[in-house]
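Visitor: I'm new to reading protein models, and I'd like to know how the labels get earned. Could you walk me through this one?

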Amino acid sequence: MQLTEDDLYRSSTQFRKWSFTAQQLHAQRQKTNLSATERVKANVARVRAQRAQQAADSDSISSGVDNCSGASTPNVVTSAVEVNCLTAEEELKIVNDFCERAIALGTHNNFPSPVVPTCIQYMRRFYLYNSPMTYHVNIILRTIMYLATKVELCTVGHINVGPFAEGAGRNVTTESILAPEYVIMQGLRYNLDVRHPFRGVKAGNMEMLEILHGKYQGPSQGLKAAEVQAQMLQIPMKVNGPAMKMPANKVEERIHQAYSTATQTLRNVAVLTDAYFLYTPSQIWLAAHLLADEPLTLFYLNLKVPPSHPTYPKLLTTLRNCATLISSHRLYVYNTLPQAEKDAREAIHQAEVKKLVQKLKNCRDPDKVDLVKLNQAQKRDAVEGGALEESKAKRRKVARETYENEADAFWGPELANKAE
Amino acid sequence: MTSSATADGGQDLAEQMNDAVREKFVMGGFLGEGTYAMVHKAHYRHDPSQVFAVKKIKLNAEYHNGIAPDAIREMQFLSELTHPNILKLIDVFSSKDQNLSFVLELAPRGDLEKLWKNKDITYTAADIKAWTNMLCQGIWFCHENFVLHRDIKGSNALIAADGTIKLADFGLARRFADPGTRMTTQMITRMYRPLELLYGCSHYGGTADMWSIGVVMAELVKRDWYLGSETDIQQVSVICEKFGTPTEETWPGVSALPYYVAPEKQNNMVGTTANRIARPRSWWRQEFMLLGDDGAEFIKGLLTLDPQKRFNSRRALEDKYWTNMPRPTKKENLPKEGGGEKAVGDDLKRKGGETPTNGRADKVARKLDFGAM
Ligand SMILES: Nc1ncnc2c1ncn2[C@@H]1O[C@H](COP(=O)(O)OP(=O)(O)O)[C@@H](O)[C@H]1O
């Protein structure tokens, strides 16, 4: 009695809630972007109107408190021009960049293995239904990383937020880490389990070694362990290359090398693509392995599913598509380029990202800038509003206005320069 | 769900999705209070005949690290595990005061601990076989999914309206560790904790859960606590006194575990004389006479000290005990907790299909059965 990989995967939330076709992904990102864009525009218009009103009021009583740093803060509220929002493609580029930063952050903090890949999938899932214009990637990334450590490092029991905040950078408070937790939980739809391809690639690696050592017991298309072993010693080095006899220790090296390359690809590239949304964990690891050593991977695959099997062509096409997705990622392509070319391309890429992050500064949703205050207001809301149903709405309004005012303060003082 | 910033009250898409989930349910009466949660009945707004238990996680003022790990684990694992013998997590939402609520399958018939404690209920060996089998199936599914439960006990084996056992409370669960990873040994309620954990072995596996199932099964047989004690050290004594102190011969590698005490050094036994050799088969048959010979063999497989030799969940399900006579009682014929019935009587009536039609008559019948044994 044993469940297959597929049985296990099909019951997972990753399959049930977070698997899409490329078209569905694209459509959802467009939808999220559209809805965020409308909100940003509406909220900015509201804040501008309020400021204009307040400016008018304060003019009439001529209180001249508002001449601070407004002019030096370029932001959307103080300007009269139409807000220039990010497109869905631009949002994705920003999210992608922060996923890359997550890898750097994880390396810097020495987080154990599944924390960073899980963090990255949380980021990608969260921003499928949320826009960076609403929730800034920088703030969300920290909390998501914290959440990923809580989920993946269960050995420790619990992870103290204090040291985590200290490690997360200057001016990062524990409150700023914890405040977005519920927003993120909602965005992840409370699905915290991520199915990675790492366990699978390890199992595949162990099986290949079993084959090599004549101990293989899995499906083998009627061949004996010794026959499969003999075939393995003759796998060509290159696709369509000549069969050649290799000594067992060389093949063992080859298997280790393929595993190591595939794992690197999975950790550093595949996680940064839409692969988890589009393919199953076994498809992803086989694709990465295919990129690392195609003849070896096909040999292994053909043992499991004979090329004569009706589903074989479709399976191979899926693997190749997944491999293409991975191998067309910027960072994978870099592996094939000379250093100078790579540096040149990376400089262009960084410049583009920088511009986008700058653009994001000018199209943020003014209601969601300070998540700590927002969170406090919501809690206060709930506590105060809990008692009396009718007074709830009123209290909420007061509470919301409180943080809106605080948000306004953050956005810089009144429209002094504009009113003049 | 269009996004007019004014009409949606400043809510983003995720908040709207959360609220949509919350709005699906109407809260009902109080079911119980646990250490970390308040549990209420609830039903679908669109279909009041479908009832649930909503577990609202209490805000822990002592805990300063955001959402508590217990809640995280329950969310992480329960939503992945869909199996008839695992309590289904139907939905999760958070309320305005940012408390998490879990919408769970309703299990209105109490739990296995309440059941053996309730002296109004009588049950047979075939009933114990049915309950234990459902527990084994539930844990087998967890283990196939690489999840360790780590808190199996009678009170975490809930009973659904139709008598099905539902494994609940995944607050201490975790994924199987990769080889070499250390896990904390302060897991599993002490009475159900296997010796390898008490000895400080930090890379245990699925068989740790199987020990706990063995203890639950023994409690069902004895209708009493089986391996109780006040401290971890006492617990070791209680286990060793019952089953014999393991040695390198009976459990290779045991002497290397951090808190292992060899039989000759063990002088803090609870009873008068320590039994230091493994128990013979005859002892098991005597101890669990109610289960019959094959049942005694089976529980011996669960309550084996060496975790390598103990039954894993797959092995347990393959045992001949299940197919031998008496066959496990069909779940519609299992004796049922009466108290829960009263508490949620109204819901049960409305539940239609899943309602046992003859709860009380059945109880009488079971009593007679038991007398005939
Ligand atoms: N799924 C459920 N169906 C019916 N009642 C339940 C359910 N879950 C819990 N309860 C009731 O709520 C009480 C407390 O829940 P519990 O899960 O034990 O909380 P905790 O784990 O925090 O102690 C239980 O004793 C039981 O009476």
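Visitor: Which strand of chain B gives the most to the shell around the ligand?

Guide: Strand 1 of chain B does, with three residues. Keep in mind that this is a predicted model. Strand 1 (25-33), strand 2 (37-44) and strand 3 (51-57) of chain B each supply at least two residues of that shell.

Visitor: What makes a residue part of the group that surrounds the ligand?

Guide: One of its heavy atoms has to lie within 4 Å of the ligand. Here 17 residues surround the ligand, and the closest are B:Gly34, B:Thr35, B:Tyr36, B:Glu105 and B:Ala107. Sorted by class, the shell has nine nonpolar, three polar and five charged residues.

Visitor: Why is the ligand said to lie between domain 1 and domain 2 of chain B?

Guide: Because domain 1 (13-105) and domain 2 (112-348) of chain B both give residues to the shell around the ligand.

Visitor: How do you know that B:Lys55 makes a polar contact with the ligand?

Guide: The cut-off for a pair of N or O atoms is 3.5 Å. A polar side-chain atom of B:Lys55 sits 3.1 Å from an oxygen atom of the ligand, so the pair counts. The backbone joins in too: a polar backbone atom of B:Thr35 is 3.0 Å from a ligand oxygen, and a backbone N or O atom of B:Glu105 is 2.9 Å from a ligand nitrogen. As for cover, the ligand has 550 Å² of accessible area on its own, and the protein covers 78% of that.

Visitor: Let's turn to the cavities. What makes a space a cavity rather than a pocket?

Guide: In a cavity, a 1.4 Å probe fits but cannot get out, whereas a pocket is open. Five cavities of 30 Å³ or more turn up by this rule, and the largest has a volume of about 90 Å³. Its lining includes A:Arg29, A:Glu91 and A:Tyr127. Helix 4 of chain A gives the most to that lining, with four residues.

Visitor: What makes B:Ile188 unusual?

Guide: Most residues other than glycine have a negative phi. B:Ile188 is not a glycine, yet its phi is positive, at about 70°. You'll find B:Ile188 in the loop between strand 9 (174-175) and helix 5 (195-198) of chain B.

Visitor: And which peptide bond is cis, with omega near -10°?

Guide: That's the one from B:Met325 to B:Pro326. Most peptide bonds are trans. B:Pro326 is in the loop between helix 10 (313-317) and helix 11 (338-343) of chain B.

Technical notes
Residues numbered from 1 in each chain as written. Chains lettered and ligands numbered in written order. Predicted model: local features only at pLDDT ≥ 70, side-chain atom pairs only at ≥ 80, totals over all residues. Heavy atoms only, no water. 1 Å grid on protein atoms, 1.4 Å probe; cavity = no way out; pocket = protein on both sides within 12 Å on 5 of 7 lines; lining within 4 Å. Points joined across faces, edges and corners; volume = space filled by probe spheres on them. Polar contact = N/O pair within 3.5 Å; in protein donor to acceptor, adjacent residues only side chain to side chain. Areas by Shrake-Rupley, 256 points an atom, 1.4 Å probe, with all protein chains shown as cover. Nonpolar A, V, L, I, M, F, W, Y, C, P; charged D, E, K, R; others polar. Domains from an automatic or database assignment.
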